[in-house]
Amino acid sequence: MTRFHFFFIVYVLVPAFLFSTPLLAKENMYRGLYDFAKALSIIEKNYVEEVSSENLTQSAINGMFDSLDPYSVYLSSENLRNLEIGTMGEFEGIGIEITVRDGLLTVISPIEGSPAQEAGVKSGDVIVSIDGESAEKTNIVDALDLIRGRAGTEVDIIVRRDGNLQDLEFAITRRIVKLRSVESKLIEKDIGYIKLSQFHRDSADEFLSSYRRLEKENGAKLLGLVLDLRNNPGGLLEQALALGDMFIDEGLILDVRGRTEHTSKEYFAGDGMQVPTSNVAVIVNRGSASASEVLAGALKDSGRAKIVGTRTFGKGSVQSVIELSGKTGVKITTARLFTPKGILIDDKGIEPDIFVEGNGSDGDASADLQFAKALEAVKCM
């Protein structure tokens, strides 16, 4: 199975009554519902072939969501289950995070160590077709249905990549993808390196454990830290907030702005820092999205870190999951995300303090310009 995105930056199961609005009482709303019911009745009674009322209703719901942003979709019972799986430590699939950008099905990032990354799929690739079926006008849910499958089976995808004259074809075998959330090592005396590949439900705890192991290996407090968020497509917002709180002593971490008080909230750091290292550099690239952008933005605006690399993806919205009847549901965008200094993340991304095009992501300074510049920034702080 290929995961959602944590393109989505956070999934919150919300009671439907929180989203009922006074608009439902307006006369034009009742007129619209009457027209819908009448149209449904006309089709049921007069269409040349018998049509299921359930299918018609689901099609109408899908049509409503097609008029919204690409992250707002109708969810079958299977889709709801897939959202829960996406927060676990492993899944079946090829390991890519996707979204719809400018009407095109776009790769946010391949997951580290996944079949998609090994095959050569890159952030920003536009998916043209899946198993011979055109991906044009395909929403995220339908695309996931086509891409995911059991380990050992194969999926053929064709992508269009900037700078390439011809489309690229990939035949990728699905397998069990284990989410390696945190990797760490001591670069040199007093300076650590931690790579965070995604934000699943244990990422913050795993990060802190890795940080403390580096301190133990170093035999003293770390004076510098390189935090690598490249190709981190996001995940659970709560984990990014928890990590931000570890670095920031006080102040705003994230500003969530929706239409109502239920969907708007400011998140502040608590007193104290679990990660007191003063010299911190964060590496980002186009594959850094959603929750990783929240963390990078918070560390940048608070002055806790220098951001090194390229502009991030720009996935800065909140999707809430609301259950309907029959174990189905909807995932709807309810808010947009702003950094502590009020910078909108959605479509804009996080701009680095030090711009460096990348040619690697393995923490090897001899082959990785972004890493080398981040290490230099830590030493110069």
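This report describes the aromatic pairs, the lysine–ring contacts and the pairing of one strand in a predicted model.

**Aromatic pairs**

Two aromatic pairs are present in the structure. Tyr-193 and Phe-371 make up an edge-to-face pair, with ring centres 5.6 Å from each other and planes at 75°. Because Tyr-193 belongs to strand E12 (residues 191-196) and Phe-371 to helix H9 (residues 369-380), this pair ties together parts of the chain that are 178 residues apart in sequence. Tyr-193 is buried, its relative accessible area being 5%, and Phe-371 also counts as buried, at 2% relative accessibility.

Phe-207 and Phe-247 form a tilted pair, for which the centre-to-centre distance is 5.7 Å and the angle between the planes is 45°. The pair links distant parts of the chain, since Phe-207 is found in helix H6 (residues 203-218) and Phe-247 in helix H7 (residues 237-247), 40 residues apart. Both of these phenylalanines, Phe-207 and Phe-247, are buried.

**Lysines over tyrosine rings**

Tyr-193, the tyrosine of the edge-to-face pair, also has a charged neighbour, in that the charged end of Lys-185 sits over its ring at 5.7 Å from the centre. A further contact of this kind involves Tyr-71, whose face has Lys-315 lying over it, 4.4 Å from the ring centre.

**Strand E19 and its partners**

How much of strand E19 is buried? Of the 10 residues in E19 (residues 329-338), seven are buried, so the strand is largely enclosed by the rest of the structure. Strands that pair with E19 are set out below, each with one pair of residues that stand opposite each other.

| Strand paired with E19 | Sense | Bridges | Residue in partner strand | Residue in E19 |
|---|---|---|---|---|
| E2 (residues 73-75) | antiparallel | three | Leu-75 | Gly-329 |
| E14 (residues 251-258) | antiparallel | four | Asp-255 | Phe-338 |
| E18 (residues 317-323) | antiparallel | seven | Ser-317 | Arg-336 |

Strand E18 is joined to E19 by seven bridges, and within this pairing Ser-317 stands opposite Arg-336. Strand E14 runs antiparallel to E19 over four bridges, with Asp-255 facing Phe-338 across the pairing. Strand E2, in turn, is connected to E19 through three bridges, again in the antiparallel sense, and Leu-75 has Gly-329 as its bridge partner. As background for reading these strands, side chains in a regular strand alternate between the two faces of the sheet.

Note on methods. Residues are numbered from 1 along each chain as its sequence is written. This is a predicted model: local features need pLDDT of at least 70, side-chain atom pairs count only at pLDDT 80 or more; totals for chains, interfaces and linings use all residues. Side-chain values use heavy atoms; hydrogens and water are left out. Rings of Phe, Tyr and Trp (its six-membered ring) pair if their centres lie within 6.5 Å; planes under 30 degrees apart count as stacked, over 60 as edge-to-face and the rest as tilted. Helices (H or I, at least four residues) and strands (E, at least two) are DSSP runs, numbered from the N terminus. Buried means under 20% relative accessible area, exposed over 50%, partly exposed in between (1.4 Å probe, protein chains only). A charge sits over a ring if NZ of Lys or CZ of Arg is within 6 Å of the ring centre and within 35 degrees of the ring normal. Two strands pair if DSSP finds at least two bridges between them.
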